[in-house]
Amino acid sequence: MSLLAKPCNFCDRSVPKGSGTMLAKNDGTVLWFCSSKCKKNALVLKRDPRKLKWTKKHVKGGIRKK
Ligand SMILES: [Zn+2]
């Protein structure tokens, strides 16, 4: 991970420093979001990024259960 860009916690695209949103949770975890779209999907809609085609975390063919 470079100091200049962090991956978006939702879609996994890199977030350049100075853009995007940083969210520090009460438990100390820091979340980075490239856009309000990602933030909303993660926090409000609570969607699984692996199920969404527009994220880099998307798993082709669906998620396999153990
Ligand atoms: Zn994102």
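**Reading a zinc site and its surroundings**

Modeller: In this predicted model, a zinc ion is held by four sulfur donors, the SG atoms of Cys8, Cys11, Cys34 and Cys38, at 2.2 to 2.3 Å.

Biologist: Which geometry does the site of the zinc ion have?

Modeller: Geometry is read from the angles among the donor atoms. Here the four donors make angles of 102 to 117 degrees, and the site is tetrahedral. It is classed so because four donors count as tetrahedral if all angles lie between 85 and 135 degrees.

Biologist: What spacing do the donors follow along the chain?

Modeller: The pattern reads C-x2-C-x22-C-x3-C.

Biologist: How should I read cysteines in terms of disulfides?

Modeller: A disulfide is a covalent bond between the sulfur atoms of two cysteines. How many does a search of the whole structure find? The result is zero disulfides. The SG atoms of Cys8, Cys11, Cys34 and Cys38 coordinate the zinc ion.

Biologist: Is Cys34 buried or partly exposed, and what of Cys38?

Modeller: Burial is judged from relative accessible area. Cysteine 38 has a value of 0% and is buried. Cysteine 11 is likewise buried, at 0%. Cysteine 34 has a relative accessible area of 25%, so this residue counts as partly exposed. In the protein, which has 66 residues, 18% of them count as buried.

Biologist: In what order do the elements of the protein run?

Modeller: One reads such an order from the N terminus on. The protein has one helix and four strands, arranged as β-β-β-β-α.

Biologist: How do strands β3 and β4 run relative to each other, parallel or antiparallel?

Modeller: Pairing is read from the bridges between strands. Strand β3 (residues 21-24) and strand β4 (residues 30-33) are antiparallel and are joined by four bridges. As an example, threonine 21 has phenylalanine 33 of β4 as its bridge partner. The two strands form a hairpin with five residues between them. Within that turn, glycine 28 has a positive phi of about 100 degrees.

Biologist: Where is confidence lowest and where is it highest in the protein?

Modeller: Confidence is read as pLDDT, residue by residue. The protein averages 90, and 95% of the residues score at least 70. The lowest mean, 88, belongs to strand β1 (residues 5-7), whereas helix α1 (residues 36-44) has the highest, at 96.

Biologist: What are the overall dimensions of the C-alpha trace?

Modeller: Along its principal axes, the trace spans about 35 × 25 × 20 Å. As for contacts with a separation of 6 or more, 30% come from residues 24 or more positions apart.

Methods
Residues are numbered from 1 along each chain as its sequence is written. This is a predicted model: local features need pLDDT of at least 70, side-chain atom pairs count only at pLDDT 80 or more; totals for chains, interfaces and linings use all residues. Side-chain values use heavy atoms; hydrogens and water are left out. Donors are N, O and S atoms within 2.8 Å of the metal (3.2 Å for Na, K and Ca); water is not among the atoms, so sites may look incomplete. Four donors count as tetrahedral if all angles lie between 85 and 135 degrees; four count as square planar and six as octahedral if opposite donors are over 155 degrees apart and all others between 65 and 115; anything else is irregular. Buried means under 20% relative accessible area, exposed over 50%, partly exposed in between (1.4 Å probe, protein chains only). pLDDT is the predictor's confidence in each residue, from 0 to 100. A disulfide is a pair of cysteine sulfur atoms within 2.5 Å. Two strands pair if DSSP finds at least two bridges between them. Contact means heavy atoms within 4.5 Å.
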